[in-house]
Amino acid sequence: MTQLPNSLEARDVAVQLHSYADARKQEETGSLVIDKGEGIYVTDINGKRYIEGMAGLWSVAVGFGEKRLVDAAARQMEKLPYYHTFTYKTHGPSIELAEKLIEMAPVPMSKVYFTNSGSEANDTALKLIWYRSNALGQPERKKVISRVRGYHGVTIASASLTGLPNNHRSFDLPLPQVLHTTSPHYRSQKKDGESEADFAKRCAQDLEDLILAEGPETIAAFFAEPVMGAGGVIVPPDGYWEAVQPVLEKYGILFVADEVICGFGRTGNMFGTETYNLQPDIMTLSKALSSSYQPISALLINDNVYQPIADESHKIGVLGHGYTGSGHPVAAAVALENLKIIEERDLVGNVRTMSPLFQKRLAGLAQNPLVVETRGIGLIGAAELHHEALADTPGALGARTNAVFLEKGLISRNMLDAMAFCPPLIITENQINEMFDIAEDSLQAAA
Ligand code: PLP
């Protein structure tokens, strides 16, 4: 990328510190400046069009340029651009959205708590879990377990829950109360000769061993994505959830399903919880909740979680938690309209209709010798590249491939050497073919 003086690319790196980038490298290369979007495509300031193969950050479910969301935001802005939900006050959009989410929840949920990002939702979940343990007179029950390669965000608590080294390194994380158990990635974690079914059982056994080693009375909750996203799109092996959930039940451990990516259709059901028949006590939601047109996230909590928290807030006189933007009326109005679109256009149905082709084309990438594994479900997937074959450092081949994708007009995301595909849920057959044609050509060029 050439950086002309005073270009937006150069002005950007002069003033912004970017997430998930090598700052020194970006100072040299500049940034890709995206200008507009329509459907599954975005266009940069030089007029070059790309397929947004990641739906932004796994999030723009209804695609770019959706006028109904723009209108919903404008209407709410004019009527009441801001109000809060603190101390006995509220407003219509937050009430309606909370009602809608409780109605949509695949398991009985009692209350909704609004936050602004996936990280805040998981951070809040952990705080509420600690609060609940104290309410129940179990102050020792404060440890939580998540998984290696899980992704739950970047606040101090949610980055601790995240099981990826780069979210901990040099940040002095994770917090000591957060423990990580085995990643459910069969290919990299299996023992010699271990079948997938045996591996799934061992994951559950590893979890139970950790609980027993730490003392079951000290473990409050288990956090997990139904399908791991940012850790490399890890689809759990058959039998995994059937083996893991009874362990949680046996020790009375709360289950937090992080539905930030899986929620609202991605896996072929409205929630990953339905796809895997999960029984979470808390669900965290964001991203496709508003198709990321506005920052908003939410926790759904069941009665088992809510009742002790309500008692404790009564004892203290206040639940000392909340964000200025919690349940923001414009974000809530946009989310409501977005959920309407998802339902009216049956985007979950579109995921089911499109996923056989999507998964077939994804699996087809394995014909390239650079690809060691493809994995996916619904409209999410990844192709893992064989960096060992090139004696590369992990991530270098992924980054090079990503650059070729970009040059050829496809935005993907390399999680080290796993190339992710997670397009808007409105994608059509022709567009799926267009996306994977570019990916195939790019892999050939990168090989
Ligand atoms: N949880 C999951 C499963 C995610 O994928 C993400 C973001 O990618 C988060 C939480 C954090 O969300 P945010 O980036 O909005 O803080």
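**Close-up views of a four-stranded sheet and a helix pair**

**View 1. Open antiparallel sheet.** In this predicted model, 4 strands form an open sheet in the order β11-β12-β15-β14, and their pairing is antiparallel. The edges are occupied by β11 (371-377) and β14 (413-415); each of these has a single partner strand, so one side of each is left without a neighbour in the sheet. On average, and with direction ignored, neighbouring strands of the sheet are turned by 25° against each other. Strands of a sheet pair through backbone hydrogen bonds, in either a parallel or an antiparallel arrangement.

**View 2. Pairing of β12 with β15.** Strand β12, residues 380-385, is paired with strand β15, residues 418-421, in the antiparallel sense. The pairing extends over 4 bridges. Within this pair, E384 stands opposite A418 in β15.

**View 3. Crossing of α15 and α16.** Two packed helices are described by the angle between their axes and the distance between the axes. Helix α15 comprises residues 396-407 and helix α16 residues 429-446; their axes come within 9 Å and cross at roughly 130°. Because angles over 115 and up to 145 degrees fall outside the perpendicular and antiparallel ranges, α15 is oblique to α16. The crossing of the two helices is right-handed.

**View 4. Residues in the contact of α15 with α16.** Helix α15 contributes R400, T401, V404 and F405 to the contact. From α16, the contact is made by I438, A439, S442, L443, A445 and A446. Classified by residue type, the contact has 7 nonpolar, 2 polar and 1 charged residues.

Note on methods. Residues numbered from 1 in each chain as written. Predicted model: local features only at pLDDT ≥ 70, side-chain atom pairs only at ≥ 80, totals over all residues. Pairing = 2+ DSSP bridges. Axes fitted to C-alpha atoms, helices over the stretch in contact; angles between N-to-C directions. Parallel < 35°, antiparallel > 145°, perpendicular 65-115°, else oblique. Left-handed = near helix turned anticlockwise from the far one by under 90°. Contact = placed C-beta atoms within 7 Å. Nonpolar A, V, L, I, M, F, W, Y, C, P; charged D, E, K, R; others polar.
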